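This briefing covers one predicted model. Its topics are helix packing, strand pairing, aromatic contacts and nonpolar cores.

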Amino acid sequence: MTYHKRFLVWWGLSLFLCKLSSRRQLDYQLNTDGPEVLENLNHLAETAQDSRPVNQTLEYFLEGSGAAPIAGLRQRMVERLIRMKALDAARLLGRYVVLIDGSGYLVFNHRHCDDCLTQRHGETTLYMHQALEAKLLGPSGTVVSIATEFIDNSDAQSAPVGASQEEVKQDCELKALRRLLAKLRAEFPQLRICLCGDGLYACGAGFQVAKDYKCDYVYVFKPGRLPTLWEDFQGLLQLVPQQQVLWTTPQRLEQVHRWVNDLHYTDSAGRAWKVNALECTETDKEGNKTEWSWLTSLELNHETVVAIATRGGRQRWREENEGFNTQKNSGLNLEHAYSHTSWAAYYFLLQIAHLMLQLVEKGSLLRRLAQEQGKRTAVELFGSLKNIAQRLLESLRYWHWPDEVFDRVRVGAIQIRLDSS
Ligand SMILES: [Zn+2]
């Protein structure tokens, strides 16, 4: 029995779209007691398979194909979204906001491959796989995986001698960021990008990598990371009291934005930099103050400062919340080892499925349905993201998807409209 690759890719995506949690569940949930599964998947894949594969078939297929074709599929989908301007409403001063963050996603208590990163915790050693993700920000908090770099053992081994665990982590992520941006630029040479990252990128290596790959940046600015620069910033702020914008958020929080352009900084490699810094102080109704600061290559002035803070800096947490946390906790099961050999291919399938699920969840079709029922969002209508996936599984199993929804001409006219309010 041979299976068309398009069918197998849809088979693999179904694992994540329906949040089946483990590869074995394919054999139980998409089996013959779901009378419409085969026909619906054939329709999606434009194939004519007369039986369904088992989960091991998917494993053999991905072992053979490797991760690259699945990553390529993600690239084409992101290109399409950019071309149709579905993500444009979230741009910052004309640039696409690309959130950068690293996360461990597979952890074992035994070494299972040569690439495992090791971490000592007292008596025990953990073996991990980590990924550095670049996620393109879209409207209503959509995050679209646009590039991935796996951080492995060789990154950690080439860290400076005597470095602390935290320094090794920073070194690994900065090296991985360089590889990640090289790939991203090869695939999207013209895209205007502003990188948003946490404080570990706010250093000479982080400024250099942005410059080399023609990106702007908004990095979290922490006093401890660059103490002299922080002192300069605080000192200069006192001299420019007019560089200030007061702003009230839609949630009625009072914000004060202050900034200084052209701070001078010489990094440990002797490179001279000119960077801009901004600070946002927010006061809530009880009078509690919270403060954030960022370093940026974008010019700060009365017109740009609020946009850079709210559409750039403040968005960084989305990578963690809507990116990694959703993928770990909403049933996508990022931390589950779907395979011990083809983990990267499954990683990309998961990213593609998460993209599709966000378009379903945040797109106008379900939003309209929710509003007709007096609810604001699809999640409010169905109760949770997991429930939406369950409905999708029920539909795949029991409902014959009608021909007209596959009509390319009709479907071609549909635009993806994400809520940008
Ligand atoms: Zn490993």
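## Helix H4 and its surroundings

The buried residues of helix H4 pack against four helices: H1 (5-17), H2 (25-29), H5 (68-83) and H12 (343-362). The model is predicted, and the points below are grouped by topic.

**Helix H4**

- H4 spans residues 55-65, and its buried residues are Asn 55, Leu 58, Glu 59 and Leu 62.
- Viewed down the axis of H4, these buried residues fall within an arc of 100 degrees, so they line one face of the helix.
- Tyr 60 and Gly 64, on the other side of H4, are exposed.
- Gly 66, just after H4, has a positive phi of about 80 degrees.

**Strands E6, E9 and E10**

- Strand E10 (residues 289-296) pairs with E6 in the antiparallel sense over three bridges.
- Within the pairing of E6 with E10, Tyr 219 has Leu 295 in E10 as its bridge partner.
- E10 also runs antiparallel to strand E9 (residues 272-283), to which it is joined by eight bridges.
- Cys 280 stands opposite Trp 292 in E10.
- The hairpin of E9 and E10 has five residues between the strands, and Gly 287 in this hairpin takes a positive phi near 90 degrees.

**Aromatic pairs and charges over rings**

- There are 17 aromatic pairs in the structure.
- One of them is the stacked pair of Phe 207 and Tyr 219, at 6.3 Å centre to centre and with 25 degrees between the planes.
- This pair links distant parts of the chain, 12 residues apart: Phe 207 belongs to helix H8 (residues 204-212) and Tyr 219 to strand E6 (residues 216-220).
- Both Phe 207 and Tyr 219 are buried.
- Tyr 338 and Tyr 346 are also stacked, with 6.1 Å centre to centre and 10 degrees between the planes.
- Tyr 338 has a relative accessible area of 6% and Tyr 346 a relative accessibility of 2%; each is under the 20% limit and therefore counts as buried.
- Ring pairs join Phe 207 and Tyr 219 with Tyr 201, Tyr 217, Tyr 265 and Trp 273 in a cluster.
- Arg 314 has its charged end over the ring of Trp 292, 3.8 Å from the ring centre.
- The charged end of Arg 91 sits over the ring of Tyr 96, 5.5 Å from its centre.

**His 129**

- His 129 is part of strand E3 (residues 124-137).
- His 129 counts as buried because its relative accessibility is 3%, under the 20% limit.
- Beyond its neighbours within four places in sequence, His 129 is in contact with Ser 103, Gly 104, Tyr 105, Leu 106, His 112, Cys 113, Cys 116 and Trp 343.

**Nonpolar cores**

- The largest nonpolar core has 54 residues, and those with the most contacts inside it are Ile 100, Leu 136, Leu 195 and Leu 295.
- Helix H7 (residues 165-187) gives the most to this core, contributing seven residues.
- Residues up to four places away in sequence aside, Leu 136 touches Val 78, Ile 82, Leu 87, Tyr 96, Val 97, Val 98, Thr 142, Val 143, Val 144 and Ile 146.
- Another core lies apart from the largest one and has 48 residues, including Leu 30, Phe 108, Ala 345 and Met 356.

Key:
Residues numbered from 1 in each chain as written. Predicted model: local features only at pLDDT ≥ 70, side-chain atom pairs only at ≥ 80, totals over all residues. Heavy atoms only, no water. Phe/Tyr/Trp six-rings, centres within 6.5 Å; stacked < 30°, edge-to-face > 60°. Helix = DSSP H or I, 4+ residues; strand = E, 2+ residues; numbered from the N terminus. Buried < 20%, exposed > 50% of the residue type's maximum accessible area, 1.4 Å probe, protein only. Lys NZ or Arg CZ within 6 Å of the ring centre and 35° of its normal. Contact = heavy atoms within 4.5 Å. Arc of directions from axis to C-beta. Pairing = 2+ DSSP bridges. Core = buried A, V, L, I, M, F, W, Y, C linked by side-chain atoms within 4.5 Å.
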